[in-house]
Amino acid sequence: ALAEQAGLSLRERDVLFLLGKGYTIEYIAGELGISFNTAKSHIRNVYAKAGVHSKQELQSLIEDGKIVPKFTLCVRDACGYNSADETGGDGCAVRRP
């Protein structure tokens, strides 16, 4: 998948998933518990790494199956795993919907 090929961090993958669902920067920031500016920075990084310049271009890649967004953020109360910890891998089986 492009997420691995583009070298997206786990947090950027979370942002990609939410962008793919059509959510706004405000919603993404709230859902991930980060500031608006941090969310905006992650979005810029996702766009740059995916080689797009807009949400519409990104959505087109998703619709064409060139990107398969997955949500990696774990429910922290369930296991304490933090998706921002790059060394954590994909070890948690409890995921948010």
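Two residues count as in contact here when they have heavy atoms within 4.5 Å of each other. With that in hand, look at the whole chain: among contacts between residues at least 6 apart in sequence, 51% join residues at least 24 apart.

**The overall view**

Keep in mind that this is a predicted model. Show it as a cartoon and you'll find six helices and zero strands, so to speak an α-α-α-α-α-α pattern when read along the sequence. Of the 97 residues, 39% count as buried.

**Select residues 10–20**

This is helix H2, and we'll stay with it for a while. Is H2 mostly covered or mostly open? Mostly covered: ten of its eleven residues are buried. Put side chains on Leu10, Arg11, Glu12, Arg13, Asp14, Val15, Leu16, Phe17, Leu18 and Leu19 to see the buried set. Charged residues such as Arg11, Glu12, Arg13 and Asp14 are on that list too. After H2, click on glycine 22, which has a positive phi, near 90°.

**Add residues 25–32**

Now bring in helix H3. Its axis lies 10 Å from that of H2, and the two helices pack at about 135°, which makes H2 oblique to H3. The crossing is right-handed. From H2, show Arg11, Asp14, Val15, Leu18 and Leu19; from H3, show Tyr27, Ile28, Glu31 and Leu32. That contact is made of six nonpolar residues, three charged ones and no polar ones.

While you're in H3, pick alanine 29. Its relative accessibility is 8%, and because of that value it counts as buried. Leaving out residues up to four places away in sequence, alanine 29 touches Ile34, Ser35, Phe36 and Ala39. Try a distance label as well: from the C-alpha of alanine 29 to that of lysine 40, eleven residues along the chain, the gap is 8.4 Å.

**Add residues 36–50**

Next comes helix H4. H2 and H4 pack at about 85° with axes 9 Å apart, so they are roughly perpendicular to each other. On the H2 side, select Arg11, Glu12, Val15, Leu16 and Leu19; they meet His42, Ile43, Asn45, Val46, Tyr47 and Lys49 of H4. Sort the residues of this contact and you get six nonpolar, two polar and three charged.

**Add residues 55–63**

Helix H5 goes on screen now. How do the axes of H2 and H5 cross? They come within 10 Å at roughly 90°, so this pair is also described as roughly perpendicular. Here Leu16, Leu19 and Gly20 of H2 meet Lys55, Leu58, Gln59 and Ile62 of H5. The tally for this contact is four nonpolar, two polar and one charged.

**Zoom in on leucine 19**

Which residues does leucine 19 touch, beyond its neighbours within four places in sequence? Ile28, Ile43, Val46, Tyr47, Lys55, Leu58 and Gln59. You've met leucine 19 in the contacts of H2 with H3, with H4 and with H5.

**Last stop: the core**

In soluble globular proteins, nonpolar side chains tend to be buried together. To see that here, select Val15, Leu19, Ile28, Val46 and Leu58: of the 20 residues in the largest nonpolar core, these touch the most other members. H2, H3, H4 and H5 each supply at least two residues of this core.

Technical notes
Residues are numbered from 1 along each chain as its sequence is written. This is a predicted model: local features need pLDDT of at least 70, side-chain atom pairs count only at pLDDT 80 or more; totals for chains, interfaces and linings use all residues. Side-chain values use heavy atoms; hydrogens and water are left out. Axes are lines fitted to C-alpha atoms, for helices over the stretch in contact, and angles run from 0 to 180 degrees between N-to-C directions. Helices (H or I, at least four residues) and strands (E, at least two) are DSSP runs, numbered from the N terminus. Angles under 35 degrees count as roughly parallel, over 145 as roughly antiparallel, 65 to 115 as roughly perpendicular and the rest as oblique. A crossing is left-handed if the near helix is turned anticlockwise from the far one by less than a right angle, and right-handed if clockwise. Ala, Val, Leu, Ile, Met, Phe, Trp, Tyr, Cys and Pro count as nonpolar, Asp, Glu, Lys and Arg as charged, and the others, Gly among them, as polar. Buried means under 20% relative accessible area, exposed over 50%, partly exposed in between (1.4 Å probe, protein chains only). A nonpolar core is a set of buried Ala, Val, Leu, Ile, Met, Phe, Trp, Tyr and Cys residues joined through side-chain atoms within 4.5 Å.
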